[in-house]
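Please walk through this chain with me, beginning with its overall make-up and moving on to its sheet, its cores and a handful of individual residues. It may help to keep the structure open while reading.

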Amino acid sequence: MELDTFQLQLDKLSMKKTLIILALVVVAAAALLGYRHRYAPVDADGVADCGALTSFRDGQSVRCDTASQRILLIGDSMAYSLMFRVKNYCDYNGHALNVVSWVGATSKTYAECDTLSYFIDKFDPTYIIFVIGANELFAYNGHGRDCFFDALVPQTRGIPTVWIGPPNWAEDTGINDVMMKRFGPRQFFLSKNLHFTRVAGDVAHPDRASGTMWMDSISTWIMRDSYFPIRLERPVGDNPIHVDFVKLVKR
């Protein structure tokens with residue numbers, strides 16, 4: 001009798017573990033399907049007509065701003081990875097572009113200086129694309145870096161700003177969670193789940209093809225899902241060979 005009772009307990013424990021595993025698989029599959037639905041391959045190709053998309057802010061539909069913008073693309077070295085395709089978009093859609101790529105920069109680096117304010121004064125942008133986080137993937141206090149974004153936001157001076165997360169090559173320690181919590185899915189673009197190919201010999205930086213895919217995905221999100229939709233219709237033609245940009249190096 002005791003043996004039968006013991007076997008019954010083992011069977012119940014095994015069943016419980018099986019149910020837990022199945023539940024986790026279902027949750028993971030649902031998350032993956034939700035991601036693929038939201039950022040399907042067609043979205044990663046960019047959108048040819050911004051009029052076909054509708055964005056929302058505070059529950060109200062927001063028209064895509066078709067006016068010419070002065071775009072400031074600023075951030076860490078990943079701004080360099082994005083800038084060729086961004087330039088392509090700007091040329092095609094009638095926007096001016098200035099780029100600041102600060103190699104080795106973090107949210108802390110920017111928060112503790114006036115670099116952002118300086119380049120806002122210099123270029124007078126009407127729209128900011130801020131890409132950051134690649135140098136903070138493994139920060140020991142990844143979940144405690146919201147204070148740096150609190151310091152950065154006032155420097156944007158109310159200019160429409162979208163924040164682009166890093167192209168993860170490994171799981172981070174919380175920087176994406178911090179930015180998502182601080183800005184929400186309509187002002188923060190989560191890049192980590194996209195599939196990147198990297199520059200040869202470089203584990204971190206997307207190659208030109210992935211930089212194109214990355215910006216195509218971002219452009220769709222900006223027009224369809226962000227708080228600040230502007231005209232970023234998919235360009236015709238290849239990326240430019242050269243883009244003027246300001247390169248800073250963290251010392």
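**From the whole chain to single residues**

Of the 251 residues of the chain, 47% count as buried, and since everything described here is taken from a predicted model, each value is a property of that model. The chain has eight helices and eight strands. Among the contacts in the chain with a separation of 6 or more, residues 24 or more positions apart account for 79%.

A natural place to begin is the sheet. Six strands form an open sheet in the order β7-β6-β5-β3-β4-β8, and their pairing is parallel. The edges are taken by β7 (188–189) and β8 (246–249), each of which has a single partner strand, so one side of each is left without a neighbour in the sheet. In general terms, strands of a sheet pair through backbone hydrogen bonds, either parallel or antiparallel. Moving inward from the β7 edge, two bridges join β7 to strand β6 (residues 161–164), and the two run parallel; here Trp163 has Phe188 as its bridge partner in β7. On the next step, β5 and β6 are joined by four bridges and also run parallel, with Ile128 having Thr161 as its bridge partner in β6.

Which way do the residues of β6 point? Thr161 and Trp163 point one way from the strand, whereas Val162 and Ile164 point the other way, and all are buried. Helix α5 (residues 115–123) lies across β3 (70–75), β4 (96–103), β5 (127–131) and β8, and runs at about 160° to β3.

The packing of nonpolar side chains comes next. The largest nonpolar core has 35 residues, of which Leu73, Ile164, Trp214, Ile218 and Ile222 touch the most other members. At least two residues of this core come from each of β3, α3 (78–93), β4, β5, β6 and α8, and α3 gives the most, with eight residues. Another core, of 25 residues, lies apart from this one, and its members include Leu116, Leu152, Trp163 and Phe188. The bridge partners Trp163 and Phe188 are thus found together in that second core. Ile164, by contrast, belongs to the largest core; leaving aside its neighbours within four places in sequence, Ile164 is in contact with Ile129, Phe130, Val131, Ile132, Phe188, Phe189, Ser191, Trp214, Ile218 and Trp221.

Helix α8 deserves a closer look. At 1.5 Å a residue, the 17 residues of α8 should span 24 Å, and because its end C-alpha atoms are 24 Å apart, the model agrees with that expectation. Of these 17 residues, 14 are buried, so α8 is largely enclosed by the rest of the structure. Thr212 is found in this helix, which covers residues 208–224, and what burial does Thr212 have? Thr212 has a relative accessible area of 18%, which means that Thr212 counts as buried, the cut-off being under 20%. Not counting residues up to four places away in sequence, Thr212 touches Arg85 and Asn239, and the side chains of Thr212 and Asn239 are joined by a polar contact of 2.9 Å.

Helix α6 (residues 146–152) holds Phe148 and also Asp146, and the two can be read side by side. At 12% relative accessibility Phe148 counts as buried, while Asp146, at 36%, counts as partly exposed. Phe148 touches Ser107, Lys108, Ala111 and Glu112, not counting residues up to four places away in sequence. The C-alpha atoms of Phe148 and Glu112 are separated by 8.0 Å, although these residues are 36 residues apart along the chain; for Asp146 and Lys108, 38 residues apart along the chain, the C-alpha separation is 9.6 Å.

Two loop residues close the tour on account of their backbone angles. Most residues other than glycine have a negative phi. Asp124, in the loop between α5 and β5, has a positive phi of about 50° although it is not a glycine, and at 46% relative accessibility Asp124 counts as partly exposed. Arg157, in the loop between α6 and β6, likewise is not a glycine and has a positive phi of about 60°; at 45% relative accessibility, Arg157 counts as partly exposed.

Definitions and conventions:
Residues numbered from 1 in each chain as written. Predicted model: local features only at pLDDT ≥ 70, side-chain atom pairs only at ≥ 80, totals over all residues. Heavy atoms only, no water. Buried < 20%, exposed > 50% of the residue type's maximum accessible area, 1.4 Å probe, protein only. Polar contact = N/O pair within 3.5 Å; in protein donor to acceptor, adjacent residues only side chain to side chain. Contact = heavy atoms within 4.5 Å. Expected span 1.5 Å × (residues − 1). Pairing = 2+ DSSP bridges. Axes fitted to C-alpha atoms, helices over the stretch in contact; angles between N-to-C directions. Core = buried A, V, L, I, M, F, W, Y, C linked by side-chain atoms within 4.5 Å.
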